[in-house]
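Work through the exercises below with the sequence and the 3D structure at hand. Each task is followed by a solution in steps.

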Amino acid sequence: WPEWVGDKDCGETYGFVVRYRIGEDVDLAEHADTSNVTLNACLGREFEGGELYFKGVRFTDSADDKQEHVVGHKKGVAVLHLGGHFH
């Protein structure tokens, strides 16, 4: 990862929150974040599902990868990944 960013690429921070709730957000379309690094933290209550599905990384040779890599996600767990990783 360090070889993909410059010294000034991490000069800002911002947050994005999705609250999955019946009648509100129930899923999030596949996307890559505009951040250099993303922390996916699961703060929810008991639920079913919630897995993270990762594919390639935008702007790299893997960007068009279709194979999904599943990471289980559960309450109290956080996953740190490249912001450009499609998930």
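The exercises below concern a predicted model and go from the overall fold to the largest pocket.

**Exercise 1. Fold**

Find how many helices and strands the protein has, and give the pattern along the sequence.

Solution. Step one is the count: the secondary structure consists of 0 helices and 4 strands. Step two is the order, which reads β-β-β-β along the sequence.

**Exercise 2. Extent, burial and surface**

Describe the span of the C-alpha trace, the share of buried residues and the accessible surface.

Solution. Start with the span: along the principal axes, the C-alpha trace covers about 40 × 30 × 20 Å. Next, take burial, where the cut-off is under 20% relative accessible area. By this test, 22% of the 87 residues are buried. Last, the accessible surface is about 7100 Å², and carbon and sulfur atoms account for 52% of that surface.

**Exercise 3. Contacts along the chain**

Of the contacts between residues at least 6 apart in sequence, what percentage join residues at least 24 apart?

Solution. Set aside contacts between residues less than 6 apart; of those that remain, 68% join residues at least 24 apart.

**Exercise 4. The largest pocket**

State the volume of the largest pocket and describe its lining.

Solution. First, the volume: the largest pocket holds about 1800 Å³ of space. Second, the lining has 46 residues, and V18, Y20, L28, N40 and A41 are nearest the centre. Third, the elements giving two or more residues to this lining are β1 (37–41) and β2 (52–54). The largest share, 5 residues, is from β1. Fourth, sort the lining by class: 18 residues are nonpolar, 13 polar and 15 charged.

Conventions: Residues are numbered from 1 along each chain as its sequence is written. This is a predicted model: local features need pLDDT of at least 70, side-chain atom pairs count only at pLDDT 80 or more; totals for chains, interfaces and linings use all residues. Side-chain values use heavy atoms; hydrogens and water are left out. On a 1 Å grid over the protein atoms alone, a cavity is a set of points where a 1.4 Å probe fits but cannot get out, and a pocket is an open set with protein on both sides within 12 Å along at least five of seven lines; lining residues have an atom within 4 Å of a point. Grid points are joined across faces, edges and corners, and a volume is the space filled by probe spheres set on the points. Ala, Val, Leu, Ile, Met, Phe, Trp, Tyr, Cys and Pro count as nonpolar, Asp, Glu, Lys and Arg as charged, and the others, Gly among them, as polar. Buried means under 20% relative accessible area, exposed over 50%, partly exposed in between (1.4 Å probe, protein chains only). Contact means heavy atoms within 4.5 Å. Accessible areas come from the Shrake-Rupley method with a 1.4 Å probe; for residues, only the protein chains shown count as cover.
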